Amino acid sequence: MEITLVKTTKPKPKPDPEKLGFGRVFTDHMFIWDYSEGKGWHNPRIVPYGPLEMDPACAVLHYGQAVFEGMKAYKAPDGRILLFRPEQNMARLNRSNARLSIPQFDEELALQAIKQLVALERDWIPTAPGTALYIRPFIIATDNILGVRPSSSYKFIVILSPVGAYYEEGLNPVSIYVEPYYVRAVRGGTGFAKAAGNYAGSLLAQKNAQAKGYSQVLWLDGIERRYVEEVGAMNVFFNIGGELITPDLGDSILPGVTRDSILQLLRSWGVPTVERRLSVDEVFEAHAQGRLVEAFGCGTAAVVSPIGRLGYREQVIEISGGKIGELTQRLYDTLTGIQTGKLPDPFGWVVEIDI
Ligand SMILES: *Cc1c(COP(=O)(O)O)cnc(C)c1O
């Protein structure tokens, strides 16, 4: 399938690389791909970035049949443009589609479109440490019918945003509130999918935690509210007595590409790792025994985010003396080094865009 291109006649000025923030400026072009029943996915095209025209009855606006992805492109010191394990994001997007009753798409063509779009916008890729070109593919239901049923038409869209560090404070340890009541996801639900509604449902707990002086929440399982699941929209690791523990995957946990890459890196370094259920009580007990060495969240946006303080009911504990842990720092340096082409890539994770 040919991807058609309509170039903008009004290129925008590039933003000041010092003041990027996260996801606030967008590049000159976007990718759009239509789906309709009978025709399948058709008319893949790169067009000038701009508003979408929508009927007020558009299905996604009412019942949230929408999924998304998050990836990054980097410019290596030698000028090569690099993606990090992008085939994993395409496969996960199709798994999210399956859960949300959205039709499957051709992962090769979608990746080809992303490569063409990023190549076209190569001058938008920032190069300062901690910056990247964030890639946001998403799919929305577009039937203009109020019935609650899977849409028969969709749009697959990709937009690009030059981004700075996810947290304005940089790689500083953050304060995390263990959410005792609200849950992000449940067994049998949509937590393993990057479904738009999961994030809408998480905002109230996040807002409450921020009002208490925390940056984010640590989510517990939806059944007993005892077992650790994720931190904000990131996976989570705890270093207890030198063993790196992360919750095992299930319906309610998003299988992060960063999580998987960290597990592979740790194993290659000979660091003991385990994927298992971990209760919040066990985390606090480990702290009381002096065995809680470090904790961090991980995901594409922040890469790793050290946890410096953890509040749960009446208790507040400090982790790693409120500083970044040794393995956390090593993981950040290694992952960003591989992603930006500054370190060798022994796992074959990096995909070069040669268009
Ligand atoms: C995207 C996301 C992650 C991290 O996934 P990566 O592939 O590492 O970016 C973790 N948890 C949630 C809820 C997410 O949405």
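The following exercises, each with a worked solution, concern a predicted model of a protein with a bound ligand.

**Exercise 1. The surroundings of the ligand**

Task: Determine which residues come nearest to the ligand, and how the residues of the shell divide into nonpolar, polar and charged.

Solution.
Step 1. There are 14 residues around the ligand. Those that come nearest are Lys194, Tyr199, Glu230, Thr258 and Thr300.
Step 2. Sorted by character, the shell holds 5 nonpolar, 5 polar and 4 charged residues.
Step 3. As for location, the ligand takes up the space of the largest pocket.

**Exercise 2. Polar contacts and cover**

Task: For Arg92, Tyr199 and Thr258, find the distance from a polar side-chain atom to an oxygen atom of the ligand. Then state what share of the ligand's accessible area the protein covers.

Solution.
Step 1. A pair of N or O atoms counts as a polar contact if the two lie within 3.5 Å of each other.
Step 2. In Arg92, a polar side-chain atom is placed 2.8 Å from a ligand oxygen.
Step 3. For Tyr199, the distance between an N or O atom of the side chain and an oxygen atom of the ligand is 2.4 Å.
Step 4. For Thr258, the separation between a polar side-chain atom and a ligand oxygen is 2.6 Å.
Step 5. On its own, the ligand has 380 Å² of accessible area, and the protein covers 96% of this.

**Exercise 3. Two residues with positive phi**

Task: Locate Arg85 and Arg225 in the chain, give the phi of each, and decide whether each is buried or partly exposed.

Solution.
Step 1. Most residues other than glycine have a negative phi.
Step 2. Arg85 is not a glycine, yet its phi is positive, at about 45°. Arg225 also has a positive phi, near 50°, and is a residue other than glycine.
Step 3. Arg85 belongs to the loop that joins β6 (81-84) and α2 (86-99). Arg225 belongs to the loop between β10 (216-220) and β11 (228-231).
Step 4. Buried means under 20% relative accessible area, and exposed means over 50%. Arg85 has a relative accessibility of 6% and is therefore buried. Arg225 has a relative accessible area of 33%, so this residue is partly exposed.

**Exercise 4. Two residues of helix α6**

Task: Decide whether Ile262 and Gln264 are buried or partly exposed, and find how far each lies from a given partner in sequence and in space.

Solution.
Step 1. Helix α6 spans residues 257-268 and contains Ile262. Gln264 is also placed in helix α6.
Step 2. Ile262 is buried because its relative accessible area is 0%. Gln264 has 27% relative accessibility and so counts as partly exposed.
Step 3. Ile262 is 66 residues from Thr328 in sequence, and their C-alpha atoms are 10.0 Å apart.
Step 4. Gln264 is 83 residues from Phe347 in sequence, with 8.8 Å between the C-alpha atoms.

**Exercise 5. Separation along the chain and in space**

Task: Describe the positions of Ala209 and Leu278, and find the C-alpha distances from Ala209 to Glu121 and from Leu278 to Lys72.

Solution.
Step 1. Ala209 is part of helix α5, which covers residues 203-211. Its relative accessible area is 0%, so Ala209 is buried.
Step 2. Ala209 and Glu121 are 88 residues apart in sequence, and 38 Å separates their C-alpha atoms.
Step 3. Leu278 sits in the loop between β14 (273-275) and α7 (280-288). This residue counts as buried because its relative accessibility is 0%.
Step 4. Leu278 and Lys72 are 206 residues apart along the chain, with a C-alpha separation of 30 Å.

How values were computed
Residues are numbered from 1 along each chain as its sequence is written. This is a predicted model: local features need pLDDT of at least 70, side-chain atom pairs count only at pLDDT 80 or more; totals for chains, interfaces and linings use all residues. Side-chain values use heavy atoms; hydrogens and water are left out. A residue is near a molecule or strand if one of its heavy atoms lies within 4 Å of it. A polar contact is a pair of N or O atoms within 3.5 Å; within protein, one must be able to donate a hydrogen and the other to accept it, and residues adjacent in sequence count only if both atoms are side-chain atoms. Accessible areas come from the Shrake-Rupley method with a 1.4 Å probe; for residues, only the protein chains shown count as cover. On a 1 Å grid over the protein atoms alone, a cavity is a set of points where a 1.4 Å probe fits but cannot get out, and a pocket is an open set with protein on both sides within 12 Å along at least five of seven lines; lining residues have an atom within 4 Å of a point. A molecule sits in a cavity or pocket if more than half of its atoms lie within 2 Å of its grid points. Ala, Val, Leu, Ile, Met, Phe, Trp, Tyr, Cys and Pro count as nonpolar, Asp, Glu, Lys and Arg as charged, and the others, Gly among them, as polar. Helices (H or I, at least four residues) and strands (E, at least two) are DSSP runs, numbered from the N terminus. Buried means under 20% relative accessible area, exposed over 50%, partly exposed in between (1.4 Å probe, protein chains only).
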